[in-house]
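Reader: I would like a close look at one part of this model. Please take a single pocket, say what lines it, and then follow the chain outward from there.

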Amino acid sequence: MLRNNYWVRSGTYVILQRFSIFLFGFGGYFFMVRYFPKEEFGVWVLFVAITSIVEMSRSAFIQNAFVKMFNEPGTDQPALVTASLFLNFVSTLFFILVMILLNPLLNMFWHTHDMTQLILWYCFTSLVLVPFTQLNYVEQANHSFRGVFWSAVVRQGFFFGVVVYVFFFVPGLPLSFYAILQSICALAGLAISWILSGKFMPAQLKFDWPLISRLFKFGKYILGTGITSSIGKSTDQIILGSISHSTVALYNSAIRVMNFIEIPSLSISNIVYPKIAQMAMVEGKLGARDLYQKSVASIVGVILPLILFIFLFAQFVLLVTAGPAYVEAKTILRLLVVSAIFIPFNIQVGSAFEVIGKPQVSFYINLTGNLVNLVLNLVLVPRYGAMGAAWSLVASTTSTFAICQILLRREIGVSITKVVEELLAFYRRAPKEIAKFVGRKK
């Protein structure tokens, strides 16, 4: 009963968090894409691509290693929190330095001067996100998600609310206004996170340099995985930016729709990770294998109807999400959405290898897949533009899936046949579970 309560309670908060982030993020995009002309909005897309790389990489470096070690027997939790906070801050300073040094090159490569102000404001936002994210990690490690949810709602909801107001009543604002707004929203989210999650923080910090070193050694591979993964996701837009800002905006309209599919994938992944870590300690590789197969099947079961709908009605979806100026991206969207079936398999691979003590494997998998993506983009984008970027993403996603499944079968015995069986079982159970849920509500 307690186990079921964990899944229901945690699942509700995490899915609501992901949904709210997506809803507010998509809502902000819905109005901003209509507020700015294509060329100017393309610059904002490139800025978001850079900041996403930083946030995802830093999160990968700290979060999973911290959650795994926090739940290990005998862990000095106050010392671990201190080690995590220290590495969080140091990695943030590192990324700030890299962004400042790269800024002139980015302006030159993308033929713009708007990036300087945007990046400088994001440097301040990054510093605010150090305590913000640390509070989230500590709460998640304690199997609680309430503060994580509400801090995200305040941060994203505040941004969305201002964007809507500006759209209707304040025309002509520059892109830098929205970068400043991001900083203010991060401060608001931090305040809420401290109120709701501060109780999980230790009473005092406790430096343990060997533990800091251990956390770094474990996290460095996950950091490498996070950097390569996030760069891989943005490579196409980064290279397209050197050709045309309006092409970036067009391609991004298809990528934005793909976020619909990532909500359940990332939500279930966040819920499952602490349990995979726990089962790997108790039941070994067999426990990690079973949970991997079940979680992947559940994610595929949720997103498959969505994939079919987007594929069949791509033009309508783009008309609603981005407007008439972006419906020409329908072929790109159909191509991308077909490859989305592999997303759940690839997302869960990192978790599986991390909990069995081989984070370097997922790092090398991501590195290989993203190198393939980079090479294909460099070859195809100059010749075919946005379609070349789409084909590159499809090819890299498919090849990563194939490599991952071969390695997972060898390491922990994962079977695609078992995943299909779990998927069919999911569809058999789903109507009954929905009926039970509705009955309880009534």
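Author: In this predicted model, α3 gives the most to the lining of the second largest pocket, with 8 residues. The volume of that pocket is about 420 Å³. Its lining counts 19 residues, and the closest to the centre are Ile50, Ile53, Val98, Leu102 and Ile231. Four elements each give two or more residues to this lining: α2 (38–70), α3 (77–109), α7 (209–241) and α13 (359–384). By class, the lining holds 17 nonpolar and 2 polar residues. It has no charged residues.

Now take α3 itself. The helix has 33 residues. From its first C-alpha to its last it reaches 45 Å, close to the 48 Å expected at 1.5 Å a residue. There is a kink in α3 of about 45° at asparagine 103. Proline 104 follows shortly after that point. Just after α3 comes histidine 111, with a positive phi of about 55°.

Charged pairs come next. The model has 4 salt bridges. One of them joins arginine 155 to glutamate 55, with the closest N and O atoms 3.4 Å apart. This pair links distant parts of the chain: arginine 155 sits in helix α5 (residues 146–169) and glutamate 55 in helix α2, 100 residues apart. Arginine 155 is buried, because its relative accessible area of 16% is under the 20% cut-off. Glutamate 55 has 28% relative accessibility, so it counts as partly exposed.

A second bridge touches the loop between α2 and α3. Here lysine 206 pairs with aspartate 76, and the closest N and O atoms are 2.6 Å apart. Lysine 206 lies in the loop between α6 (175–197) and α7, and aspartate 76 lies 130 residues away along the chain. Both ends count as partly exposed: lysine 206 at 41% relative accessibility, aspartate 76 at 26%.

Another bridge stays within one helix. Lysine 418 and glutamate 421 both lie in helix α15 (residues 416–441). They are 3 residues apart, about one turn of the helix. Their closest N and O atoms are 3.7 Å apart. Lysine 418 is partly exposed at 43% relative accessible area, and glutamate 421 is partly exposed at 41%.

Last, helix α14 (residues 386–412). Its 27 residues reach 38 Å from first C-alpha to last, close to the 39 Å expected at 1.5 Å a residue. Glycine 413 follows α14, and its phi is positive, near 80°.

Terms used. Residues are numbered from 1 along each chain as its sequence is written. This is a predicted model: local features need pLDDT of at least 70, side-chain atom pairs count only at pLDDT 80 or more; totals for chains, interfaces and linings use all residues. Side-chain values use heavy atoms; hydrogens and water are left out. On a 1 Å grid over the protein atoms alone, a cavity is a set of points where a 1.4 Å probe fits but cannot get out, and a pocket is an open set with protein on both sides within 12 Å along at least five of seven lines; lining residues have an atom within 4 Å of a point. Grid points are joined across faces, edges and corners, and a volume is the space filled by probe spheres set on the points. Ala, Val, Leu, Ile, Met, Phe, Trp, Tyr, Cys and Pro count as nonpolar, Asp, Glu, Lys and Arg as charged, and the others, Gly among them, as polar. The expected span of a helix is 1.5 Å times one less than its number of residues. The bend at a residue is the angle between axes fitted to the seven residues ending there and the seven starting there. A salt bridge is a side-chain nitrogen of Lys or Arg within 4 Å of a carboxyl oxygen of Asp or Glu. Buried means under 20% relative accessible area, exposed over 50%, partly exposed in between (1.4 Å probe, protein chains only).
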